[in-house]
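Here is a short report on a structure with more than one chain. Look at the overall outline before reading on.

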Amino acid sequence: MNPAQMNTLAKASAAASTWREQLAGWSYRPFIDPINAHHWWWALIVPLALLTAVAYKAVRLPTLERYWREVALMSVQVLLGMAALAATLWLLVEVFARSFRSS
Amino acid sequence: MPEGPQPVALLLAWLVPGLGHWYLGMRRRAWRIALGVLAMFAGGLLVGGIDAVDSTLFYKRMLSSSTPPERVDGDMVWFLGAMFTGPVAFGVDLAHQYRFKVVEDTMTAQGVVRVRRGAMPYEIRDARTGKAIEVRDKATGAPIEFLDPVTGVTRLATSADRPPNIQALGRVREIGTLLCTIAGMLNLIAMIDAGWGRRRSYDPDRGQSRAGGAT
């Protein structure tokens, strides 16, 4: 990296730092601003699966006697399915695609 | 228990999630549908902010095909799903379009087109005209002097001068939009069940059904 590039990078870093400070000074307004979930966004799949099961099973089940049990079961099935899908795609990209490229 | 298509139940199910089933006497189901759909919609707003519901040019596109293609952006397709949550989705979207977005006149091949866009972090919104006012340096975020539209006095921006909403980015935006859209899709299933689903016989909430639920 040459001095000019380093200078540009330093300026950009300083500007980003100022913006970060600015944004941190603004309070969160529920339902208006997004939450800062960039590092744990994947955990939001849990309420997504749960609430999907709550509404879907309320329509789908012939009787509501085993409703909450069915909701829990469907939530777990969705989460396990997503985890399996993620693992499969990880294998496809990180293992098979890389080995294909290197061969 | 009424048999055959139920247009009133269908309409009620769209107006308020669960109300169609309530009307048909399935009150326990109604509460659960309302809980699932509305909590998911509210969750989408909580995660992605008001930006999660955005019908950008949806109405204009529906009414006229002359909208320049370069202006058809935003989350219009996702709104096609979210709108089945009912009037609440349209209300949130209208508030987003007319209370949070800023107005901008842009030159296109068809002439000057007035568009609405999300405010940038360095802008505030003039409540009277809806136009954006720059109050910070774009590169550094440092406050700059601007003409206050309320007092008419030129002053330096403070931390209270902020955009009407922060636009969600990346995965947070995706999840917020997805939650609102899935809420609408789930309510569509509930609407179909209330309007055309095979009717459960007497006291359907207690499990004495002959016909079973929608399949």
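Chain A has a radius of gyration of 23 Å, while a compact globule of 103 residues would have one near 13 Å. Keep in mind that this is a predicted model. The C-alpha trace of chain A spans about 70 × 50 × 15 Å along its principal axes. Buried residues make up 17% of the 103 residues in chain A.

**Helices of chain A**

What is chain A built from? It has three helices and zero strands. Along the sequence the pattern reads α-α-α.

Take helix α3(A), residues 67-102. Does its length fit its number of residues, or how far apart should its ends be? At 1.5 Å a residue, the 36 residues of α3(A) should span 52 Å. The end C-alpha atoms of α3(A) are 51 Å apart, which agrees.

Where is the kink in α3(A) centred? It is centred on L92(A), and the kink is about 30°. Helix α3(A) is also hardly covered: two of its 36 residues are buried.

**Where chain B touches chain A**

Now turn to the contact between the chains. Chain B gives 45 residues to it, and chain A gives 32 residues. On the side of chain B that touches chain A, the elements that give two or more residues are α3 (27-48) and α7 (170-196) of chain B. Which of them gives the largest share? That is α3(B), with 14 residues. By class, this side of chain B has 22 nonpolar, 14 polar and nine charged residues.

**Inside chain B**

The domain assignment splits chain B into domain 1 (7-118 + 165-206) and domain 2 (119-164). The two domains touch each other. Domain 1 of chain B gives seven residues to this contact, and domain 2 of chain B gives nine residues. On the domain 1 side, strand β1 (residues 102-108) of chain B gives the largest share, three residues. The residues of that side divide into four nonpolar, two polar and one charged.

The two sides described by class are set out here.

| Side | Nonpolar | Polar | Charged |
|---|---|---|---|
| Chain B, touching chain A | 22 residues | 14 residues | nine residues |
| Domain 1 of chain B, touching domain 2 of chain B | four residues | two residues | one residue |

To recap, chain A is a chain of three helices, and its radius of gyration is 23 Å. Its helix α3(A) has a kink of about 30°.

Terms used
Residues are numbered from 1 along each chain as its sequence is written. Chains are lettered from A and ligands numbered from 1 in the order in which they are written. This is a predicted model: local features need pLDDT of at least 70, side-chain atom pairs count only at pLDDT 80 or more; totals for chains, interfaces and linings use all residues. Helices (H or I, at least four residues) and strands (E, at least two) are DSSP runs, numbered from the N terminus. The radius of gyration is taken over C-alpha atoms; the globule rule is 2.2 Å times the number of residues to the power 0.38. A residue is buried if 20 or more other C-beta atoms lie within 10 Å of its own, exposed if 12 or fewer, and partly exposed in between; C-beta atoms are placed from the backbone. Ala, Val, Leu, Ile, Met, Phe, Trp, Tyr, Cys and Pro count as nonpolar, Asp, Glu, Lys and Arg as charged, and the others, Gly among them, as polar. Domain bounds come from an automatic or database domain assignment. The expected span of a helix is 1.5 Å times one less than its number of residues. The bend at a residue is the angle between axes fitted to the seven residues ending there and the seven starting there.
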